[in-house]
Amino acid sequence: MCLYILGGKQCYEFVRLNMPGAIPHLSIISDLISKSNMTLNEAEFRFDSLRQFQSGFGFCSEDTTGVIPKVEYDSSTNSFIGFSTRIVDGIPLTKYYQADTYEDLKAIYDTNETARLLNVHMFQSISTDNDPINFPKPFLLSAYGVDNKFTTMDILRRWMYIFENCLAKGVRIIGFSTDADNKYVSAMRLASNFFASLPNFKLDKHQHVFQIDIPDDWTWFFLNKNQLFLFFQDPVHLVTKWRNRLLSSTANLCFGNDKISMGHLKRLINNDNYTKIDHGLTMSDINPKDRQNYSSCIKLISDDVINLLKNDVDSNGTVVYLTLLKMIVKAYIDKSTSIQERVKSAWCVVFVCRLWWYSLANSSNLKPSRTSQTTNERKNKINEYFITRPAYMSVELNAHHLPYMVLLVKQQQLPKQALINIHLFSSQPCESLFRDARSLSSMSSTIVNFTVKDFIRRSQKLSILNQLKYNATEKDLSFPVHHKQRREHSLASLHQLNDIDTLDVQQLILAAYNQAIDLVKHSKMLDTLTQYKINSLDDLSCYIFDLLQKNSRMINYSFRSENNIDEEFGLDEENDDNDLINDPLDQSTNEALFDLQNDTLIDDDDDVDILNSTKSDFNGIRIVDDINPALRESYFKVKINNNIKYLHKQSACWMQSNQITKLSSDRLSRVMQQTSTNN
């Protein structure tokens with residue numbers, strides 16, 4: 001089975017034909033896959049499969065990707081896959097699009113949109129006490145096509161549905177991670193009561209809520225002591241958002257007197273005194289249209305680039321900005337970072353952002369004029385000099401939930417293994433699954449993208465493969481490991497578990513604050529703080545708390561079971577998965593036609609859809625005179641030219657499709673195409 005999944009059909013058949021009797025026929029392999037416990041139907045949540053994870057704790061992530069918009073028939077569920085899944089109270093409905101007649105299918109096409117996005121939910125179990133370094137592979141919980149019109153409350157209700165069903169299977173969901181999209185940030189704030197509230201949906205009163213003892217002197221900590229979930233916005237998406245803000249033509253970023261500009265990077269690249277050997281950059285690394293280029297972020301925060309920028313007396317603001325970017329990577333992405341360094345780096349970024357916001361709010365250049373400037377105009381002016389609001393809130397949320405998790409471990413509400421691999425608590429398992437699914441294309445095919453049905457089929461194979469990899473020691477199977485992954489795996493150290501007991505969070509926070517003060521010292525921002533008598537961490541924390549309470553308070557009066565259809569959010573401006581453009585050829589199924597001979601079907605000829613055609617021979621289209629009674633539900637009974645025929649439901653989908661929509665095989669190019677179209 002591993003040979004078939006990794007090598008593909010052609011490779012498997014080559015081995016089978018040249019080594020007779022060594023491996024079974026493909027039909028047997030297909031039967032094994034279909035009968036495995038890894039089967040998945042669209043919008044179905046595989047809660048029963050969670051019993052295989054023995055730790056009892058895990059993290060969920062959610063993300064979307066572009067798919068080829070195409071409706072296909074699934075004979076196993078007698079339903080049509082590829083429409084935007086119907087969402088009720090945040091929960092996707094399974095097998096929703098079913099039709100008994102051809103007219104029913106036409107009505108579905110007329111009243112529903114084809115899904116251009118695929119939404120997936122992944123589950124990441126933490127390791128067990130017996131083997132703390134061996135983390136299980138991420139597990140695909142559910143997948144379904146969407147149009148991205150679900151609301152913030154839909155997200156919250158769906159998280160509660162996942163949480164309660166996992167709890168019923170003996171698994172406690174620690175929290176959720178997403179891609180820093182605006183509506184997900186809002187959902188996380190509401191669930192955390194982070195300057196937001198749900199008067200009619202009190203998650204902090206749940207019987208399984210986490211509860212910690214927060215020291216009284218933690219004035220810098222704004223999170224409530226009761227939390228049902230912990231949240232981490234995906235750091236890779238967060239880093240790219242910071243990069244995009246730096247490269248934005250509408251932003252005018254600055255730390256006090258120090259300007260933050262892409263021009264400093266351009267000047268470095270074009271400097272004849274340096275070559276690519278010195279800095280490793282190209283102009284494509286600072287292309288503002290390439291909005292999801294994480295590899296360029298890593299290049300920008302390299303020590304070589306930062307050290308060369310320090311030689312430019314005017315680029316101190318850009319140096320500090322890139323240093324913050326590097327700290328985000330260190331806090332949430334770098335596998336080798338210790339828990340102490342993660343907390344310190346995360347909060348240093350937060351404190352610099354708070355100092356930055358305070359200085360802008362009290363800058364004489366931005367103070368409102370009584371006659372000409374409204375409050376909203378002043379806010380817009382501050383936003384021009386600051387990072388985007390979702391990016392700032394994501395930094396705050398991540399930094400707050402990190403020490404909260406540390407306290408849960410110290411107070412023995414979570415096992416220590418939860419803190420070993422913080423980098424796994426992100427939406428990158430979803431991104432990894434998307435890449436793996438695209439890589440499963442046959443060697444004879446140039447199509448790397450997939451429809452919703454294609455993805456479900458491919459993900460089933462990947463789930464089986466991941467299960468075999470995790471149990472490789474038991475099955476005596478050896479899998480190749482890339483040398484970089486082998487080296488990274490060895491970085492996880494058991495001594496970090498013992499360090500948690502002696503971790504002093506308050507001392508780390510004070511060190512982070514002092515580091516933040518040192519970073520912004522050159523920018524003259526501290527002069528503004530001194531002017532308004534902000535002389536300590538407590539003073540700054542109280543001011544920012546009041547500012548967030550005043551300017552960022554959210555209240556939602558929705559109920560747990562009410563489907564709120566009024567509040568609809570579009571995609572975040574930096575979401576790159578909404579530009580779809582390639583449709584593969586219609587793929588035939590393996591269902592064989594059957595000559596009835598002595599068998600007849602009992603049907604009412606009066607209730608038959610009438611179709612007209614100038615053809616009498618339908619070769620290449622699954623329109624037949626007789627069918628196997630066992631396959632009756634896979635066909636529509638129609639009358640063509642006054643003759644009773646049976647039209648396969650997949651062929652009916654083909655008949656209803658009136659255009660071929662293409663999807664770029666290069667994700668980065670797709671983002672750039674969408675950006676140029678919008679401009």
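# A tour of cores, rings and strands

Select Arg172 and Phe210: arginine 172 sits over the face of phenylalanine 210, 3.8 Å from the ring centre. This is a predicted model. Now select Arg158 and Phe150. Arginine 158 also lies over a ring face, that of phenylalanine 150, at 4.8 Å from the ring centre.

**Stop 1: the ring cluster**

Keep Phe150 on screen. Add Trp159, Phe163, Phe176, Tyr184, Phe229 and Phe231; ring pairs link these residues and Phe150 into a cluster. The structure has 40 aromatic pairs by the ring-centre rule. Zoom in on one of them, tryptophan 159 with phenylalanine 231: the pair is tilted, with 5.3 Å centre to centre and 35° between the planes. Tryptophan 159 belongs to helix 4 (residues 152–168) and phenylalanine 231 to strand 12 (residues 230–233), so the pair ties together parts 72 residues apart in sequence. Are these two residues buried or exposed? Both tryptophan 159 and phenylalanine 231 are buried.

Show what surrounds tryptophan 159. Leaving aside neighbours within four places in sequence, tryptophan 159 is in contact with Glu62, Phe176, Thr178, Tyr184, Ala187, Met188, Phe229 and Phe231. Remember Glu62; strand 6 will bring it back.

**Stop 2: the largest nonpolar core**

Widen the view. The largest nonpolar core has 160 residues. Select Leu156, Trp159, Trp242, Trp347, Trp356 and Met405, the residues with the most contacts inside this core. Which helix gives the core its largest share? Helix 12 (residues 339–361) does, with 16 residues.

Colour helix 12 and pick Trp347 and Phe351. Both lie in this helix, 4 residues apart, about one turn. Their rings form a tilted aromatic pair, 5.5 Å centre to centre and 45° between the planes. Tryptophan 347 is buried, with a relative accessible area of 0%. Phenylalanine 351 is buried as well, also with a relative accessible area of 0%.

**Stop 3: strand 6**

Select residues 117–125. This is strand 6, and 9 of its 9 residues are buried, so the strand is largely enclosed by the rest of the structure. Look at the side chains. Leu117, Asn119, His121, Phe123 and Ser125 point one way, while Leu118, Val120, Met122 and Gln124 point the other way.

Add the partners. Strand 1 (residues 57–66) runs antiparallel to strand 6, joined by 9 bridges. Glutamate 62 returns here: its bridge partner in strand 6 is histidine 121. Strand 7 (residues 139–146) pairs with strand 6 in the antiparallel sense too, over 7 bridges. Find methionine 122; its bridge partner in strand 7 is leucine 140.

**Stop 4: the four-stranded sheet**

Move along the chain. Show strands 16 to 19: these 4 strands form an open sheet in the order 16-18-19-17, with mixed pairing. Which strands stand at the edges? Strand 16 (609–611) and strand 17 (623–624) do; each has a single partner strand, so one side of each is left without a neighbour in the sheet. Strand 17 and strand 19 run antiparallel and are joined by 2 bridges. Select valine 624 to find one bridge residue; its partner in strand 19 is tyrosine 646. Then add helix 23 (residues 649–656), which packs on the sheet and touches strand 16, strand 18 and strand 19. The direction of helix 23 makes about 90° with that of strand 19.

Now pick Leu647, in strand 19. Leucine 647 is buried, with a relative accessible area of 0%. Its C-alpha atom is separated by 6.1 Å from that of arginine 622, 25 residues apart along the chain. Residues up to four places away in sequence aside, leucine 647 touches Tyr102, Leu611, Arg622, Ile623, Ser634, Tyr635, Phe636, Val638, Ala652 and Met655.

**Stop 5: two positive phi angles**

Stay by strand 19 and select Asn641. Asparagine 641 lies in the loop between strand 18 (635–640) and strand 19 (643–648). Its phi is near 55°, a positive value in a residue other than glycine. Asparagine 641 is partly exposed, with a relative accessible area of 32%.

Finish at Lys95, in the loop between strand 5 (91–92) and helix 3 (102–111). Lysine 95 has a positive phi of about 50°, although it is not a glycine. Buried, exposed or in between: which describes lysine 95? Lysine 95 is partly exposed, with a relative accessible area of 46%.

Note on methods:
Residues numbered from 1 in each chain as written. Predicted model: local features only at pLDDT ≥ 70, side-chain atom pairs only at ≥ 80, totals over all residues. Heavy atoms only, no water. Core = buried A, V, L, I, M, F, W, Y, C linked by side-chain atoms within 4.5 Å. Buried < 20%, exposed > 50% of the residue type's maximum accessible area, 1.4 Å probe, protein only. Contact = heavy atoms within 4.5 Å. Pairing = 2+ DSSP bridges. Axes fitted to C-alpha atoms, helices over the stretch in contact; angles between N-to-C directions. Phe/Tyr/Trp six-rings, centres within 6.5 Å; stacked < 30°, edge-to-face > 60°. Lys NZ or Arg CZ within 6 Å of the ring centre and 35° of its normal.
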